[in-house]
Amino acid sequence: MLKTITKAITFTFLAQVCSGQDFQQEFNAAIQENDTLKQREILTQWEQSEPGNPELLVGYFNHYYLLSRKEMITLTAEPPVGESLSITDSTGQTAGYIGSDLSFDQDVFQKAINKIDEGITLYPDRLDMRFGKIYVLGKTEDWEAFTDEIITTVRYSAQNKNKWKWTNNEEVTDSELFFLTALQDYQVELYNTGNDELLDNMREIASEILNHYPDHVESITNIGITYMLTEQYDKALDYLKKAVKIAPKDDVVISNIAYSYKMKDDKKNAIKYYKKLQKFDDPGIKQFADRQIKELN
């Protein structure tokens with residue numbers, strides 16, 4: 001139900017752009033080879049040669065994060081969370097599932113966090129460092145720290161006016177759009193957990209974004225959806241109607257308004273907004289609206 005801006009944001013630890021520095025190239029090769037001893041050797045030499053290099057701190061962060069990961073193959077009777085492979089018996093019936101269980105060595109993981117915190121302190125405009133930290137906090141499902149780090153980053157974006165840099169201190173193009181797109185993806189990540197308790201985290205992030213970017217339709221909509229999912233439809237409509245004023249052709253916003261009215265048993269207004277969807281060119285949207293109106297009638 002959440003709307004994600006279609007431009008993909010991918011933060012990849014391992015595919016760093018080489019800057020011509022031998023240490024960085026050698027370290028990336030050691031990462032690809034999963035050679036942790038070689039990684040450590042290169043990092044030690046690199047630190048002796050260039051102790052203030054921001055890529056060195058990113059390297060330490062990647063090294064400790066990957067070292068902290070503990071992945072175990074699991075065999076379960078029920079489908080596990082995430083990707084899995086089903087096993088069938090001789091009759092073709094599903095007999096079980098092969099998946100993986102990811103855990104972390106917290107002491108080693110904290111070393112990764114300490115290194116990236118050092119990097120963020122020294123190079124506060126390096127968005128890759130901030131997003132890297134947020135990424136790993138999501139992987140460990142530390143949703144409170146995940147939320148706090150996003151909010152800290154949002155507040156800093158107002159200070160530096162989204163003049164962000166990335167790996168090798170390259171400037172981020174379309175930096176505000178890039179930044180806000182990623183923030184929407186993080187809110188979707190919380191939503192996709194299916195944990196209703198994290199709706200408060202979504203609302204907290206969206207509210208902070210709106211403090212600095214008051215016309216960010218996605219965040220206005222997200223707050224509305226958090227209320228909608230907890231059956232507080234009047235509060236949901238307050239936000240969704242603000243969103244539709246900014247983006248009157250947004251099918252997701254209109255659909256959620258119609259749904260909220262439907263759940264309030266306000267058929268007249270529900271039909272009114274589903275009729276707006278009927279005017280869209282997308283045949284799928286039209287068919288959806290037709291079905292809803294038919295059901296309401």
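**A walk through a predicted chain**

Buried residues make up 44% of the 297 residues in this chain. The model is a predicted one.

Visitor: How many helices and strands does the chain have?
Guide: The model is predicted. Counting along the chain gives 3 strands. The helices number 13.

Visitor: At what angle do the axes of H1 and H3 cross, and is the pair roughly parallel or roughly antiparallel?
Guide: H1 covers residues 22-32, and H3 covers residues 54-68. Their axes come within 11 Å and cross at roughly 10 degrees. Angles under 35 degrees count as roughly parallel. So H1 and H3 are roughly parallel.

Visitor: Which residues of H1 make the contact with H3?
Guide: The crossing of the two helices is left-handed. On the H3 side, the contact uses Glu55, Gly59, Asn62, His63 and Leu66. By class, the contact has 3 nonpolar, 4 polar and 1 charged residues. From H1 come Gln24, Phe27 and Ile31.

Visitor: Is Gln24 buried or exposed?
Guide: Gln24 sits in helix H1. Its C-alpha lies 7.7 Å from that of Leu56, though the two are 32 residues apart in sequence. Buried means under 20% relative accessible area. Gln24 has 1%, so Gln24 is buried.

Visitor: Which helix gives the most to the largest nonpolar core?
Guide: In soluble globular proteins, nonpolar side chains tend to be buried together. The largest nonpolar core here has 47 residues, and Phe131, Phe146 and Tyr186 are among those with the most contacts inside it. Elements giving two or more residues to this core include H1, H3 and H7. The one that gives the most, with 7 residues, is H7.

Visitor: How many residues are in the other core?
Guide: This other core lies apart from the largest one. Among its residues are Ala206, Ile225, Ala236 and Ala243. Its size is 30 residues.

Visitor: Where is Asn162, and is Asn162 buried or exposed?
Guide: Asn162 has a phi near 60 degrees, a positive value in a residue other than glycine. Asn162 is placed in the loop between H6 and H7. Its relative accessible area is 3%, so Asn162 is buried.

Visitor: Is Glu231 buried or exposed?
Guide: Phi of Glu231 is positive too, near 65 degrees. Glu231 lies in the loop between H9 and H10. Exposed means over 50% relative accessible area. Glu231 has 60%, so Glu231 is exposed.

Key: Residues are numbered from 1 along each chain as its sequence is written. This is a predicted model: local features need pLDDT of at least 70, side-chain atom pairs count only at pLDDT 80 or more; totals for chains, interfaces and linings use all residues. Side-chain values use heavy atoms; hydrogens and water are left out. Axes are lines fitted to C-alpha atoms, for helices over the stretch in contact, and angles run from 0 to 180 degrees between N-to-C directions. Helices (H or I, at least four residues) and strands (E, at least two) are DSSP runs, numbered from the N terminus. Angles under 35 degrees count as roughly parallel, over 145 as roughly antiparallel, 65 to 115 as roughly perpendicular and the rest as oblique. A crossing is left-handed if the near helix is turned anticlockwise from the far one by less than a right angle, and right-handed if clockwise. Contact means heavy atoms within 4.5 Å. Ala, Val, Leu, Ile, Met, Phe, Trp, Tyr, Cys and Pro count as nonpolar, Asp, Glu, Lys and Arg as charged, and the others, Gly among them, as polar. A nonpolar core is a set of buried Ala, Val, Leu, Ile, Met, Phe, Trp, Tyr and Cys residues joined through side-chain atoms within 4.5 Å. Buried means under 20% relative accessible area, exposed over 50%, partly exposed in between (1.4 Å probe, protein chains only).
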